[in-house]
Amino acid sequence: MLPSIDLRIANVIKALEQVVLPALTGRERLAKDQVNLCIGHLQMIAQQWRWAAAFEAGSFQAMIALAEEMEPSVDSSYAEELTQAIASAKAVDGQDLAAVEHAIVALGGLIDRIILGEDGKVVLAPAVWEAVLGYGEKQALRERTWFAATGLDPDRRELPSIAAMMAG
């Protein structure tokens, strides 16, 4: 029987906590800090791994929706490129995590260029601003929830669990 991903992650954490950390001397502060950082990342990965593909797919679908909302109001210099990018994004297999991640970078890069407007030379229409702000608000909540385990969000106790976020 093969060990589960959860068991494998737990065993790596245990080895780092019970073998590697105690073996480091007090003078090896940087090494201790890095091991603790690795432990923290592994603990977060243990909470996230089951949801990773769905999280990325949800983020991608939200980005496509943003692009579609922006499409009627973008400057003509971007209209055709955005239309093509939306069509390409919709053709991506949502089950292929690597393809989704690549498509997020491609579509997100174009959206960023549109927002930046050639360093402010191309003005965004009010409808585009509204779309971007609405997307940002929703995506920020998703990302805050996704990374709540870092303990850095001052309102993390008010955030939904990853499972609740993914269900809603």
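**Terms and model**

Buried means under 20% relative accessible area, exposed means over 50%, and partly exposed lies in between (1.4 Å probe, protein chains only). This is a predicted model, where local features need pLDDT of at least 70 and side-chain atom pairs count only at pLDDT 80 or more, while totals for chains, interfaces and linings use all residues. Residues are numbered from 1 along each chain as its sequence is written, and side-chain values use heavy atoms, with hydrogens and water left out.

**Helix α6**

Helix α6 covers residues 126–146 (helices are DSSP runs of H or I with at least four residues, numbered from the N terminus). Its 21 residues reach 30 Å from first C-alpha to last. That is close to the 30 Å expected at 1.5 Å a residue (the expected span is 1.5 Å times one less than the number of residues).

Which residues of α6 are buried? They are Val128, Ala131, Val132, Tyr135, Gln139, Arg142, Thr145 and Trp146. These residues lie on the same side of α6, because they cover an arc of only 160° around the axis (taken from the directions from the helix axis to the C-beta atoms). An α-helix has 3.6 residues a turn, so residues three or four places apart point the same way. The face turned away from the buried side of α6 carries the exposed residues Pro126, Glu130, Leu133 and Glu137.

**Packing of α3 on α6**

Helix α3 has 19 residues, which should span 27 Å at 1.5 Å a residue. Its end C-alpha atoms are 27 Å apart, in agreement. Buried in α3 are Phe55, Ser59, Phe60, Met63, Ile64, Leu66, Ala67 and Met70.

α3 and α6 pack at about 170°, with axes 9 Å apart (axes are lines fitted to C-alpha atoms, for helices over the stretch in contact; angles run from 0 to 180 degrees between N-to-C directions). That makes α3 roughly antiparallel to α6 (an angle over 145 degrees). Contact means heavy atoms within 4.5 Å. On the α3 side, the residues that meet α6 include Phe55, Ser59, Met63, Leu66 and Met70. On the α6 side, those that meet α3 include Val128, Tyr135, Gln139, Arg142 and Trp146.

**Salt bridges**

The whole structure holds four salt bridges (a side-chain nitrogen of Lys or Arg within 4 Å of a carboxyl oxygen of Asp or Glu). Side chains of opposite charge can pair when their charged atoms come close. One of the four joins Asp6 and Arg50, at 2.6 Å from N to O. This pair links distant parts of the chain, 44 residues apart: Asp6 sits in helix α1 (residues 5–23), Arg50 in the loop between α2 (29–48) and α3 (52–70). Asp6 is partly exposed at 28% relative accessibility. Arg50 is exposed at 54%.

Glu68 pairs with Lys90, their closest N and O atoms 2.4 Å apart. Glu68 lies in α3 and Lys90 in α4 (residues 76–90), so the pair ties together parts 22 residues apart in sequence. Glu68 is partly exposed at 32%, and Lys90 is exposed at 53%. Arg144 forms a salt bridge with Asp153, with 2.5 Å between the closest N and O atoms. Arg144 is partly exposed at 32%. Asp153 is buried at 13%.

**Leu110 in α5**

Is Leu110 buried or exposed? Leu110 is buried, with a relative accessible area of 4%. It belongs to helix α5 (residues 97–120). Leaving aside neighbours within four places in sequence, Leu110 is in contact with Tyr78, Glu81, Leu82 and Ala85. Leu110 and Ser77 are 33 residues apart in sequence, and their C-alpha atoms are 12 Å apart in space.

Technical notes. Helix = DSSP H or I, 4+ residues; strand = E, 2+ residues; numbered from the N terminus. Parallel < 35°, antiparallel > 145°, perpendicular 65-115°, else oblique.
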